[in-house]
Amino acid sequence: MDLLFSYKGGDEFMNNVLLYFALKHDGDFEKIYNDIKEKVPVDENEFIKLKRGLKTKYVTILDNNYPTVLKQIACPPFVLFYEANPSIPFLSKYSFTISRF
């Protein structure tokens with residue numbers, strides 16, 4: 001089966017790559033970073049299965065609504081999972097609860 005993903009496919013494809021590795025590695029920064037660095041291929045079937053189990057919304061570090069302040073820390077989360085609306089100003093600027101899986 002051909003992969004749907006390409007590391008050169010633009011933000012939409014890279015968002016899927018980030019989501020895949022974040023789900024696969026339970027948000028572990030080092031594991032995600034290493035897989036991206038090594039250009040480990042995305043297993044399409046595994047990605048579909050992982051994404052089906054996702055019960056929350058998400059935003060990746062590539063998205064415009066990813067909090068700028070988090071981009072400035074060492075080892076920022078590649079993907080943030082949330083249940084609220086991130087466009088609400090007080091949530092997007094001031095209120096974060098970050099937990100690792």
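These legends go with several close-up views of a predicted model.

**View 1. Two aromatic rings meet between helices α1 and α3.** Start with Tyr-20 and Phe-47, an aromatic pair in an edge-to-face arrangement. Their ring centres sit 6.1 Å apart, and the planes make an angle of 65 degrees. Tyr-20 belongs to helix α1 and Phe-47 to helix α3, so this pair, with its partners 27 residues apart, links distant parts of the chain. Neither ring shows much of itself: Tyr-20 counts as buried because its relative accessibility is 1%, under the 20% cut-off. Phe-47 is buried too, at 5%.

**View 2. Phe-21 joins the aromatic group.** Widen the view a little and you can pick out one aromatic cluster made of Tyr-20, Phe-21 and Phe-47. The structure as a whole holds 4 aromatic pairs, and the one formed by Tyr-20 and Phe-47 is among them.

**View 3. Helix α2 has a buried side.** Which residues of α2 are buried? They are Phe-29, Ile-32, Asp-35 and Ile-36. Why do these four end up on the same side of α2? Because they cover an arc of only 140 degrees around the axis. It helps to remember that an α-helix has 3.6 residues a turn, so residues three or four places apart point the same way.

**View 4. Asp-28 reaches over at the start of α2.** Here, look for a side-chain oxygen of Asp-28. This oxygen comes to within 3.1 Å of the backbone nitrogen of Glu-30.

**View 5. Asp-26 has a positive phi in the loop before α2.** The loop in this view runs between α1 (11-24) and α2 (29-37). Asp-26 has a phi near 50 degrees, and the value is positive even though the residue is not a glycine. That catches the eye, since most residues other than glycine have a negative phi. Is Asp-26 buried, partly exposed or exposed? With a relative accessible area of 46%, Asp-26 is partly exposed.

**View 6. Lys-39 takes a positive phi just after α2.** Now move to the other end of the helix, where the loop between α2 and α3 (44-52) holds Lys-39. The phi of Lys-39 is near 55 degrees, again a positive value in a residue other than glycine. Lys-39 counts as exposed because its relative accessible area is 52%, over the 50% cut-off.

Notes: Residues numbered from 1 in each chain as written. Predicted model: local features only at pLDDT ≥ 70, side-chain atom pairs only at ≥ 80, totals over all residues. Heavy atoms only, no water. Buried < 20%, exposed > 50% of the residue type's maximum accessible area, 1.4 Å probe, protein only. Phe/Tyr/Trp six-rings, centres within 6.5 Å; stacked < 30°, edge-to-face > 60°. Arc of directions from axis to C-beta. Polar contact = N/O pair within 3.5 Å; in protein donor to acceptor, adjacent residues only side chain to side chain.
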